[in-house]
Amino acid sequence: MESIRVVQIAARPGLDSPDVEEVAGAFVNVYTTATSQEKALEIASAEIVQAGWIVLSVEDEHLLTHAEAQASPEALPYYEQALLDGVVLVFHSYSHGGEEPDVVH
């Protein structure tokens, strides 16, 4: 049974990001096949910065097994895509007005 690491990071768009006017921030779930916690955090931070966002804090990090992903219909596609690509980012963004988060892949 293969596990992947999921890192949740609080982030906000950088000043040059096209999202900066409409989006105040996001909780970003980074699904990665990194074998160590240290490497998963490194990859997650680098991917978020590459997307034009600023990392504010690491909120969570945990292993996700295939059985756990199957039990969560929302997580399963990201789990499977991470196995193929090595990393998947899912942005749960919120606006400046505090409206409900939107999911952006």
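In what follows, a residue is buried when its relative accessible area is under 20%, exposed when over 50% and partly exposed in between, with a 1.4 Å probe and protein chains only. The model is predicted, so local features need pLDDT of at least 70 and side-chain atom pairs count only at pLDDT 80 or more, while totals for chains, interfaces and linings use all residues. Residues are numbered from 1 along each chain as its sequence is written, and side-chain values use heavy atoms, with hydrogens and water left out.

**Exercise 1.** Determine which residues of helix 1 are buried and which are exposed.

*Solution.* Begin with the extent of the element: helix 1, a DSSP run (H or I, at least four residues, numbered from the N terminus), covers residues 37–50. Its buried residues are Ala40, Ala44 and Ile48. Seen down the helix axis, these buried residues fall within an arc of 60° (directions from the axis to the C-beta atoms), so they line one face of the helix. On the other side, Glu38, Val49 and Gln50 are exposed.

**Exercise 2.** Find the strands against which the buried residues of helix 1 pack.

*Solution.* Strands are DSSP runs of E with at least two residues, and contact means heavy atoms within 4.5 Å. The buried residues of helix 1 pack against strand 1 (3–13) and strand 2 (23–32), and also against strand 3 (53–65) and strand 4 (87–95).

**Exercise 3.** Place helix 1 in the chain by giving the pattern of elements and the residue with positive phi that follows the helix.

*Solution.* The chain has three helices and five strands, in the order β-β-α-β-α-α-β-β. After helix 1 comes Gly52, with a positive phi near 90°.

Key:
The expected span of a helix is 1.5 Å times one less than its number of residues.
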